[in-house]
Amino acid sequence: MKLTVLGCGDAFGNGGRSNTSFALCNDDGEYVLIDCGATTLIRLKQEKISLHDISTVIITHFHGDHYGGLPFLLICALFEHPRDHPLTIIGPPEIEKRVFALQEAMYPDTTSKLSNLTLSFLEYKAGSSLKHANKFVEALEVKHSPASVPYGIRLNWENKIFAFSGDTSLTDSLFTISKNADLFICECNYLHGSNYGHLSYEEINEIRDRLDCKQIWLSHMNDEVIDSKSISINRLSDGLNIEF
C-alpha cells in the first residue's frame with residue numbers, strides 16, 4: 001500500500017500546506033481518498049493522480065479543510081473528465097445531505113446534475129465496521145467541534161490497516177483507532193498544552209508508548225510544530241509518499 005500526502009495542513013494554511021487529504025493506492029492502482037479538503041483537486045493534478053482511479057472517498061468530519069474539496073472533485077467528474085463508473089463517498093451521518101448542500105452553495109444548479117454520476121453514499125456508525133467492496137471502515141467518535149460530527153477512522157484494505165485520528169483533542173478513542181495499525185496519522189495542531197478540539201505534541205508524546213501501531217506520523221500542524229527542532233515523531237509534509 002502507498003500513501004501520498006495531498007495535504008497535511010491545518011485550517012489556516014500554516015507552513016503553506018494544503019488542506020487535509022491522503023491518497024491511498026493499492027497494487028492495482030485503485031485510490032481511496034481519506035478526507036478531501038478544499039485544495040484536494042489541485043493537489044491531485046499536481047501529483048498526476050487521475051480522478052478515474054479514485055473509487056472511494058472517506059470523510060472524517062464536516063469542516064471545510066476536510067470535506068470542502070468535494071464540490072470541485074464532483075464538477076471535475078461531471079464536466080472536465082466525465083466519469084462513467086461508480087464513486088462511493090463514506091462519512092458521518094447525513095453525509096449525502098451535507099455534500100449536496102455544500103455542492104449547491106458553491107456551485108448553484110449543479111446539484112441536480114450529480115444524478116449523471118454513479119454516486120453512492122454510505123454512513124458509518126460509531127464503533128461499528130462498515131463493509132464496502134473489499135474495504136472495512138471503522139469509525140470512532142472523537143473530541144472536536146460537535147457540529148462537525150467528528151470521527152477518527154480505521155480502514156482495513158487488502159490486509160493493511162490505515163488509521164487516522166481526524167481532528168480531536170485527547171481521548172481514549174485514539175488507542176482503539178491506532179491499535180495494530182500499519183500506519184497511524186495523528187493530528188498535532190499545537191506544540192504544548194491542552195486545547196479542546198486539537199492535540200499537542202506534548203500530549204501525544206505522553207501517550208506515545210500506548211499507541212499500538214507500526215508507524216505514527218503527525219499531521220495538521222501549526223507553524224510552531226512544523227518548525228520545532230525538538231520533535232522525535234515523524235512529521236508529514238505535502239507530497240510525501242509512504243509505503244507500508
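Where does N14 lie? In this predicted model, N14 is placed in the loop between β1 and β2, and the report returns to that loop after setting out the sheet that these strands belong to.

## The open sheet

Seven strands make up an open sheet of mixed pairing, and their order is β6-β5-β4-β3-β2-β1-β14. The edge strands are β6, covering residues 119–123, and β14, covering 241–243, each of which pairs on one side only. On average, and with direction ignored, neighbouring strands of this sheet are turned by 20° against each other.

At the β14 edge, strand β1 (residues 2–7) runs antiparallel to β14, to which three bridges join β1; within β14, the residue that stands opposite L3 is I242. Towards the other edge, helix α4, formed by residues 95–106, lies across β5 (87–91) and β6, and the helix runs at about 130° to β6.

## Strand β2 and its partners

Strand β2, residues 21–25, is mostly covered, with five of its five residues buried. The covering applies to both faces of β2: S21, A23 and C25 are buried on one side, while F22 and L24 are buried on the other.

On the β1 side, β1 and β2 run antiparallel and are joined by five bridges, and the bridge partner of G7 in β2 is S21. With strand β3 (residues 31–34), β2 again pairs in the antiparallel sense, here over four bridges, and F22 stands opposite I34 in β3. The strands β2 and β3 form a hairpin with five residues between them, and in the turn G29 has a positive phi of about 85°.

## Two buried residues: S21 and N14

S21, found in strand β2, has a relative accessible area of 0% and is therefore buried, since that value falls under 20%. When neighbours within four places in sequence are left aside, S21 is in contact with T4, V5, L6 and G7, and also with L33, I34, D35, C36, G37 and T40. The contact list thus includes G7, which is also the bridge partner of S21.

N14, although in the loop between β1 and β2, is likewise classed as buried because its relative accessible area of 17% is under 20%. What does N14 contact, leaving aside its neighbours within four places in sequence? The residues in contact with N14 on that basis are M221, N222, D223 and I226. N14 and H220 are 206 residues apart in sequence, while their C-alpha atoms are 8.8 Å apart in space.

## An internal cavity

How many cavities of 30 Å³ or more does the count give? The count comes to one cavity at that cut-off, and the volume of the largest cavity is about 40 Å³. The lining of the largest cavity is formed by L51, I54, L73, A77, R83 and L87. These lining residues divide into five nonpolar and one charged, with no polar residue in the lining. One of the lining residues, L87, carries a number that falls in the range given for strand β5, 87–91.

Notes: Residues are numbered from 1 along each chain as its sequence is written. This is a predicted model: local features need pLDDT of at least 70, side-chain atom pairs count only at pLDDT 80 or more; totals for chains, interfaces and linings use all residues. Side-chain values use heavy atoms; hydrogens and water are left out. Two strands pair if DSSP finds at least two bridges between them. Axes are lines fitted to C-alpha atoms, for helices over the stretch in contact, and angles run from 0 to 180 degrees between N-to-C directions. Contact means heavy atoms within 4.5 Å. On a 1 Å grid over the protein atoms alone, a cavity is a set of points where a 1.4 Å probe fits but cannot get out, and a pocket is an open set with protein on both sides within 12 Å along at least five of seven lines; lining residues have an atom within 4 Å of a point. Grid points are joined across faces, edges and corners, and a volume is the space filled by probe spheres set on the points. Ala, Val, Leu, Ile, Met, Phe, Trp, Tyr, Cys and Pro count as nonpolar, Asp, Glu, Lys and Arg as charged, and the others, Gly among them, as polar. Buried means under 20% relative accessible area, exposed over 50%, partly exposed in between (1.4 Å probe, protein chains only).
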